[in-house]
Amino acid sequence: MRELNRETAVKKVRPERIIQFGEGNFLRAFADWIVYNMNEKTDFDSSVVVVQPIEKGMIEMLNGQDCLYHVNLQGLADGKVVNTLTLIDVISRALNPYTDYDAFLKLAEQPEMRFVISNTTEAGIAFDPSCKRTDAPASSYPGKLTQLLYHRFKTFNGDRTKGFIVFPCELIFLNGHKLKETVCQYIDYWELGEAFKTWFTEACGVYATLVDRIVPGFPRKDIAEIRKKTDYNDQLAVQGEIFHLWVIEAPREVATEFPADQAGLNVLFVPSEAPYHERKVTLLNGPHTVLSPVAYLAGIDTVRDACRHEVIGNYIRTVMFEELMETLNLPEEELERFANDVLERFNNPFVDHRVTSIMLNSFPKYKTRDLPGLKTYLERRGELPKGLVLGLAAIITCYKGGKRADGTEIVPDDAPEITELLKTLWATGSAQEVAEGVLAATFVWGEDLNKIPGLTALVKKYLDDIREKGMMEAVKPVCSQTLN
């Protein structure tokens, strides 16, 4: 078996045009995979320089393999099992600004540099007043980006053609808006001048994006087989699902420069990210949140098994296609296509996604992912969405604790004030008091949900049904879709 490097594998030399803050699994299996496909299928012809965003990272490992690695994509596509291996060669080099700050700044001096991509976690886009302009480097990602931009501004004397196009991939809504705002904070805080601020706001584009691909990471289970197939001792192989989506809130001229959509990729350049963010939260995260307690109380432990179950799979489809989809404002055909993609992802034969991992902090998740849909459905249809209400009753039942029918211990996991409230309410032995007390918890919901017409009574009914009949029987009357 060969070591993986440029001497044992072909690595094309391309112009360095992308600076990437982050060397982790997600960006390598998502953004760099997309760049690879753009290089292969269009005239993009670009390579990536990776910058380690924190002091400790994987730069040495990357450089040790000359930044070569395999991406293993697995899942279902149009009902067919997919399991691919691709050698990614788009990263030209990787550097650590904490040990080579000069090399980091010199990236700004390269005329062909055009794009910045980042994934520094949700907490990465934040203003840190302890950062100084003279730090080498600033500790925060926006601070480092400001240093880089300021050096470019000075190097090219404010040339408007040398601005950067910035695509943050951090998982926060309107991430580009937040990043731009934070860089402007640093410009003011460090007193870098109005001329630089004008150049940044007018010559650079910082665009909000929504990214979606499940990336489990290093394929520990399958690495021996992958190494056997490739004949490489790849220490940086990364596994991900076949599905991918990148929504970029940017004008068409940006798509011309970054032609991912021309490479047959699921990359959308749109006027607003908001409806796509809402679509993902509603049709992927929303069903996850209610299917998990329903499936768990029915004795089912994984999302895939839940989807394939005659009754629970029926319930999931009802919630997705007849309730949550009704609350969105995108074209029906587009919503159905996305929902079917979600079901294929839930059915991924390579991923054992345990429902208990989704049940962490279920009440806050229900508030953001399902409650808006419940309200919109009621407003539009004049009745409550029974599947979503049953899901809430299932969450409440899980927070009672105790044991499943098979003897498995039910252990609720949420903020102490929430678990304590449920413990107190369930101690009354009254489903009516439990329903009223949960819905009245303004510290959870930000409002008294007892004021929603009919909700208290329906939650109470489903709490009784689950207790008296068991979850499997309680869920049957809610379902109206047949399982494909």
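**View 1. Thr302 sits in the loop between helix H10 (274-297) and helix H11 (303-308).** The model is predicted. Thr302 has a relative accessible area of 7%. Buried means under 20%, so Thr302 counts as buried. Its contacts, leaving aside neighbours within four places in sequence, are His353, Arg354 and Val355.

**View 2. Pro251 lies in another loop, between strand E11 (245-249) and helix H9 (252-257).** Here the relative accessible area is 34%. That value makes Pro251 partly exposed. Phe200 is 51 residues away from Pro251 along the chain. The C-alpha atoms of Pro251 and Phe200 are separated by 17 Å.

**View 3. Strand E3 (residues 69-77) is largely enclosed by the rest of the structure.** Of its 9 residues, 8 are buried. E3 pairs with strand E4 (residues 80-88) and with strand E10 (residues 238-241). The pairing with E4 is antiparallel, whereas the pairing with E10 is parallel. The E3-E4 pair is joined by 9 bridges. The E3-E10 pair is joined by 4 bridges.

**View 4. E3 and E4 form a hairpin.** There are 2 residues between the two strands. Asp78 is in the turn. Its phi is positive, at about 55°. Within the antiparallel pair, Asn72 has Leu85 of E4 as its bridge partner.

**View 5. Strand E10 runs parallel to E3.** Asn72 has a bridge partner in E10 too, namely Gln239. Asn72 of E3 thus has partners in E4, at Leu85, and in E10, at Gln239. Gln74 stands opposite Glu241 of E10. Side chains of E10 alternate in direction: Val238 and Gly240 point one way, Gln239 and Glu241 the other way. All four of these residues are buried.

**View 6. An open sheet of 6 strands pairs in the parallel sense.** The strand order is E5-E2-E1-E6-E7-E8. Strand E5 (91-95) and strand E8 (205-206) stand at the edges. Each has a single partner strand, so one side of each is left without a neighbour in the sheet.

**View 7. At one edge of the open sheet, E5 pairs with strand E2 (residues 47-51).** The pairing is parallel, over 4 bridges. Val48 stands opposite Ile91 of E5.

**View 8. The whole protein has 22 helices and 12 strands.** The C-alpha trace spans about 70 × 55 × 40 Å along its principal axes. The radius of gyration is 25 Å. A compact globule of 484 residues would have a value near 23 Å, so the two agree. Buried residues make up 58% of the 484. Among contacts between residues at least 6 apart in sequence, 75% join residues at least 24 apart.

**View 9. The protein exposes about 20500 Å².** Carbon and sulfur atoms supply 49% of this area. The protein has 55 positive and 69 negative side chains. The centres of the two charge sets lie 2 Å apart.

Definitions and conventions: Residues are numbered from 1 along each chain as its sequence is written. This is a predicted model: local features need pLDDT of at least 70, side-chain atom pairs count only at pLDDT 80 or more; totals for chains, interfaces and linings use all residues. Side-chain values use heavy atoms; hydrogens and water are left out. Buried means under 20% relative accessible area, exposed over 50%, partly exposed in between (1.4 Å probe, protein chains only). Two strands pair if DSSP finds at least two bridges between them. The radius of gyration is taken over C-alpha atoms; the globule rule is 2.2 Å times the number of residues to the power 0.38. Contact means heavy atoms within 4.5 Å. Accessible areas come from the Shrake-Rupley method with a 1.4 Å probe; for residues, only the protein chains shown count as cover. Lys and Arg count as positive and Asp and Glu as negative; His and the chain ends are not counted. The place of a charge is taken as NZ of Lys, CZ of Arg, CG of Asp or CD of Glu.
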